[in-house]
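I opened the notebook to look up the internal spaces of this protein and then its cysteine links.

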Amino acid sequence: MRYLVSASAAALVLAAVLAAAPRLAGAKDECGATPPDQEALKLVPCVAAGKDPDSKPSDRCCAAVKEIGERSPACLCAVLLSKIVRRVGVKPEVAITIPKRCDLTDRPIGYKCGGTLRTV
């Protein structure tokens, strides 16, 4: 029960922050026309896995990570390391391990996110 309340609260905070974030119409970046902060909403099921390196990411989390990563590894890194994700308590050094913990065989092995030493 405590986990559900925590995950629900994190999802609400993430949604509220995203709604308040300024949108750049037609802006191009790592995620194409969609800002990484907006893409981060797809990773709400990953909040718990982004806080605890020993937790098993949910199937929904892994599916979302896979979808973003297949489209653009750079976008996935931008989302996992975004300020918006940090605001809900996700640790970047833990978040970038989610693709590996999801056992995604088609993840870009050796691709580095930001200046971190870990790979996705």
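I took a cavity as a set of points, on a 1 Å grid over the protein atoms alone, where a 1.4 Å probe fits but cannot get out, with lining residues having an atom within 4 Å of a point; points are joined across faces, edges and corners, and a volume is the space filled by probe spheres set on them. I worked on a predicted model, where local features need pLDDT of at least 70 and side-chain atom pairs count only at pLDDT 80 or more, while totals for chains, interfaces and linings use all residues. Residues are numbered from 1 along each chain as its sequence is written, and side-chain values use heavy atoms, with hydrogens and water left out.

Entry one, cavities. I found 2 cavities of 30 Å³ or more, and the largest holds about 80 Å³ of space. I noted 12 residues lining the largest cavity, with Leu-43, Cys-46, Val-47, Val-85 and Val-90 nearest its centre.

Entry two, disulfides. Counting pairs of cysteine sulfur atoms within 2.5 Å, I obtained 3 disulfides. I looked up Cys-46 again and found it joined to Cys-61, S to S 2.0 Å; the torsion about their S-S bond is about 110°, so this disulfide is right-handed. Cys-31 is joined to Cys-75, also with S to S 2.0 Å, and a torsion of about 100° makes that link right-handed. For Cys-62 and Cys-102 I read sulfur atoms 2.1 Å apart and -85° about the S-S bond, a left-handed link.

How values were computed
1 Å grid on protein atoms, 1.4 Å probe; cavity = no way out; pocket = protein on both sides within 12 Å on 5 of 7 lines; lining within 4 Å.
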